[in-house]
Amino acid sequence: MTQGVQVSGIYVRDQDEALAFYVERVGFQVHTDVRNGDYRWLTVRHPDQPDFQLGLFKPGAPLHDAATAETLQQMVAKGAMPPLVLSVKDCRAACERMRAHGVEFTQEPTERYGTVDAGFRDPSGNGWKVIQARG
């Protein structure tokens, strides 16, 4: 039996906005987009990592009451959630490609710890590190 993490999710303020950002600007692909009433299960995947999905979830019913949903959205907007990491072969080239598609970087590519990394935030405030794979 094969086991492993298949989906990990982040909170976004607007799923359509997040979907456009991750597909059109970062280069992910839509994996699943289904609805059950007001609830929407929306996942994207990196083209080089087809077995892993990133869920783009909006805080709210049926999982959260209104006050909890608002608190979660505020925390994401402030950048209080842990950063996500995108591993790339060439950090500078990946950043230039994403910048050409409208991604605004919070940290330019910087050499440190034996590699190169950069940072950006999605429209909801989720922080990302782009880290060049070693070797």
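Two strands count as paired if DSSP finds at least two bridges between them. With that in mind, let us look at a stretch of sheet in this predicted model.

Strand β6 (residues 105–112) and β7 run antiparallel, and five bridges join them. One of the partnerships links R112 to T115 of β7. The two strands form a hairpin with two residues between them, and in that turn Y113 has a positive phi of about 55 degrees.

On to the next neighbour: β7 is also joined by five bridges to strand β8 (residues 127–132), again in an antiparallel arrangement. Here D117 stands opposite I131 of β8. This hairpin has five residues between the strands, and G125 takes a positive phi near 115 degrees.

How well covered is strand β7 (residues 115–121)? Mostly covered, as six of its seven residues are buried.

Now for a residue elsewhere in the chain. R40 lies in strand β3 (residues 39–45). Is R40 buried or exposed? With a relative accessible area of 6%, R40 falls under the 20% cut-off and is therefore buried. Its side chain makes polar contacts with two acidic side chains, listed here.

| Side chain | Partner side chain | Polar contact |
|---|---|---|
| R40 | D16 | 2.8 Å |
| R40 | D33 | 2.8 Å |

Both partners also appear in the wider surroundings of R40: leaving aside neighbours within four places in sequence, R40 is in contact with Q15, D16, L19, D33, V34, R35 and F57.

Notes
Residues numbered from 1 in each chain as written. Predicted model: local features only at pLDDT ≥ 70, side-chain atom pairs only at ≥ 80, totals over all residues. Heavy atoms only, no water. Buried < 20%, exposed > 50% of the residue type's maximum accessible area, 1.4 Å probe, protein only. Helix = DSSP H or I, 4+ residues; strand = E, 2+ residues; numbered from the N terminus. Polar contact = N/O pair within 3.5 Å; in protein donor to acceptor, adjacent residues only side chain to side chain. Contact = heavy atoms within 4.5 Å.
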